[in-house]
Amino acid sequence: MSGQQSAVVVIGGGPGGYEAALPAAQLGARVTVVEREGLGGAAVLTDCVPSKALIATADFMDRFSAAARIGVGFDGHDGDQGVQAHLAQVNDRIMRLAQAQSADIRDRLLAAGVEVIKGAGRIASPGVVEVATDITHVESGKEPAPSDEERSRHTRSLTADVILVATGARPRVLDSAVPDGERILTWQQIYDLKELPEKLIVIGSGVTGAELAHAYLGLGCAVTLVSSRERVLPGEDADAATVLEEVFRSRGMEVLNRSRAGGVVRDGDEVVVTLEDGREVRGSHALLAVGSIPNTADMGLEEAGVTLSDSGHIEVDRVSRTSVQGIYAAGDCTGVLPLASVAAMQGRIAIAHALGDAVAPLNLGRVSSNIFTDPEIATVGVSQADVDSGRVDARSVMLPLTGNPRAKMQNTKHGFVKLFARNGSDTILGGVVVAPRASELIFPITLAVANRLNVDQFSSTFTVYPSMSGSIAEAARQLHSVD
Ligand SMILES: Cc1cc2nc3c(=O)[nH]c(=O)nc-3n(C[C@H](O)[C@H](O)[C@H](O)COP(=O)(O)OP(=O)(O)OC[C@H]3O[C@@H](n4cnc5c(N)ncnc54)[C@H](O)[C@@H]3O)c2cc1C
C-alpha cells in the first residue's frame, strides 16, 4: 500500500501514536489521531516527563547537599543548610512543563496536516474506528469553536486502511491498597501533593519505585522502599542494583528487602502498610509502584480478531502487525518493552510497513535504557545474566569509576563501567554504565553494539582527557584478546 491514497487512524496520542502519525503524514496518508486525554500520552502528562522533571529538581538539591564535601558553603554555612523543596511550586512547574510539551506535540501534528480528535476510540470492525467524543472539536486549526450543541456527546465513525492501536497502560492497583489520591497514591497522582510527605513508603522496587524513592529522598523526605525481592531493581544488572541499594541506604533510605506488601490502609493522617509476614510499616503517604496494566479492554479488539495475551497485551510481531491485517499496535499496550523510545520506534515501524516504506524490524538488542537515580544506571544489549547462563558466548570487564580522574574531580564515589564482548570476534555486544549522567555515556556503547564494532576499534578511538568516557574505552582495552 502506498501512503498517497491511504487513510490512517491512530488510537492513542502517546509516543507510540504521535511519533507514527508524523511519518504517516509525510508519506502522504490522510492521518487522524484519536486521543481521549491529551497529546503526548501518559509519557508526557503523568509518567516519563513529570517523573524526570521531579528527579531533576531532586538532583539539583543533591548538588547543594554535596557542596560541603568539595569545600563550598553558602553565606558562612556549610553544605545544604536552608535548602528546601517547595513541593506545590515544584509540582506546578512540572505540570506546566508537561502541558507545554503536550501543546508542542499538538502543534507539530497540526502543522503536518494531521487531524486530531479528542475522544475515546474503539474498533467497530477491521477498517472502522468509532470515536466517542465529548467535544466534537476537530482540531485542524481552521474550524470555528464548537457550539454548545456540538459539545454534546456523540459518536463519529472513521474508515481506515490502516489502524494503529497505541493506547498505552495505566498503574496497576491492588484491591487491598486502593489509592485515595490524598495519602495512598499512584505515580500519576503525586503531582497534586502540595506539601512534601513526612514519610513516604514506596511499594515496589522496580524502575518506577526506585526512581521515585530516589526523587523524594533527594527532595528531603524520609523514604522507606518496600521490595518483595532480594534486592532493589530485580530485573536489572545485579552489580548495578547492589551499588544503588548501598547508595540508597548510605543516604538514609530504609530499604526493606524480601518484604511483600499485603495491603495499605489509612489511619487518620497516617498510612499503614501491612507486609505479608504480618509486620506493619507506618508513614504519612504510600506510593504504589507495582506495575501497569494495558489499556486494551472494551476496545473491540478481540471482537475484531486481534489476539491478546493472558495479561491483556496486544500480540505483535517485529513490524508491529497484530493478528488482523491492517491493524497494527505499538507501545505499552503491546507489552514488548515499556519505554517511550520503544513505543515510538514500534509506531514508526508500523507505519513504514503498512505504507510500503523501507522498514527494519524492531531489534530489542539495540535498545538503550536508563534508570534516573543517582548514580544513573544505563544499559544496552546483552546482560550479565545472558552471559552467566551461557545464552551468549561472551566475556565481560567491569571497571569501577573510583580510578577515573574526572570522577575524582567531581567527587563521584559510586559507579562502574561494564562491557560485554563476544568470544572469538571480540564484537561489543552490550554494556552497563553506573555513573552520573550514565544516560549520556551509554550512547557510544549503543553505537558500538548497533554497528558491531569490536573492542579494538572502540578502544583506539580518542576520548577526551579527563573524562568519564575514558573508562569506557579503557574497559574495551582490557577486553583485547592477546592470542
Ligand atoms: C513513572 C514512569 C516513568 C517513565 N520514564 C520513562 C523514561 O524515562 N524513558 C522512557 O523511555 N520511558 C519511560 N517510561 C515509560 C513510558 O512512559 C511508556 O513506555 C510510554 O508512555 C509508552 O507510550 P505509549 O504511546 O504506548 O502509551 P502512553 O504514553 O500511555 O499513551 C497512550 C495514550 O492513549 C490514550 N488512550 C488510551 N485509550 C484510548 C482510547 N480508547 N481512545 C483514545 N485514546 C486512548 C491515553 O489517553 C494516552 O494518552 C516511564 C513510565 C513510568 C510509569
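Two strands count as paired here if DSSP finds at least two bridges between them. With that in mind, the tour passes through a predicted model, beginning with a sheet in the later part of the chain.

**Stop 1: the antiparallel sheet**

Select β21, β22, β25, β24 and β23 in that order; they form an open sheet of five strands with antiparallel pairing. The edges are held by β21 (368-371) and β23 (394-400), each of which has a single partner strand, so one side of each is left without a neighbour in the sheet. From one strand to the next, the twist averages 10°.

Now restrict the selection to residues 416-422 and 428-435, which are strands β24 and β25. Six bridges join this pair in the antiparallel sense. For one point of register, display A421, which stands opposite I428 in β25. Then add helix α7, which packs on the sheet and touches β22 (376-381), β23, β24 and β25. The direction of α7 makes about 175° with that of β24.

**Stop 2: the second largest pocket**

Keep α7 (238-250) on display and add α3 (48-67) and α6 (207-219); each of these helices supplies at least two residues of the lining of the second largest pocket. Which helix gives the largest share of that lining? It is α3, with 10 residues. The volume of this pocket is about 1,200 Å³. To find its centre, select D59, D62, R63, R251 and D374, which are the closest to it of the 40 lining residues.

**Stop 3: the parallel sheet**

Next, select β5, β2, β1, β9 and β20, again in sheet order: this is an open sheet of five strands with parallel pairing. Its edge strands are β5 (115-118) and β20 (327-329), each pairing on one side only. Neighbouring strands are turned by 20° against each other on average, direction ignored.

Within this sheet, residues 7-11 form β1 and residues 162-165 form β9, and the two strands pair in the parallel sense over four bridges. V9 has I163 as its bridge partner in β9. Across β1, β2 and β9 lies helix α1 (residues 15-26), which runs at about 165° to β2.

In strand β2 (residues 30-35), pick T32. Is T32 buried or exposed? Its relative accessibility is 9%, and T32 therefore counts as buried, the limit for that class being under 20%. Leaving aside residues up to four places away in sequence, T32 touches V8, V9, V10, E115, I117 and L158.

**Stop 4: two cysteines**

Select C48 and C333. How many disulfides does the model contain? The count comes to zero, where a disulfide would require two cysteine sulfur atoms within 2.5 Å. For C48, the nearest cysteine sulfur is that of C333, 17 Å away. C333 is likewise in no disulfide, and its nearest cysteine sulfur is that of C48. C48 is partly exposed, with a relative accessible area of 33%, whereas C333 is buried at 0%.

**Stop 5: S469**

Finish at helix α13 (residues 469-478), where S469 is found. At 24% relative accessibility, S469 counts as partly exposed. Display L441 and T463 as well, since S469 touches both, not counting residues up to four places away in sequence. Lastly, select I442: it is 27 residues from S469 along the chain, and the C-alpha atoms of the two residues are separated by 9.2 Å.

Note on methods
Residues are numbered from 1 along each chain as its sequence is written. This is a predicted model: local features need pLDDT of at least 70, side-chain atom pairs count only at pLDDT 80 or more; totals for chains, interfaces and linings use all residues. Side-chain values use heavy atoms; hydrogens and water are left out. Buried means under 20% relative accessible area, exposed over 50%, partly exposed in between (1.4 Å probe, protein chains only). Contact means heavy atoms within 4.5 Å. Axes are lines fitted to C-alpha atoms, for helices over the stretch in contact, and angles run from 0 to 180 degrees between N-to-C directions. On a 1 Å grid over the protein atoms alone, a cavity is a set of points where a 1.4 Å probe fits but cannot get out, and a pocket is an open set with protein on both sides within 12 Å along at least five of seven lines; lining residues have an atom within 4 Å of a point. Grid points are joined across faces, edges and corners, and a volume is the space filled by probe spheres set on the points.
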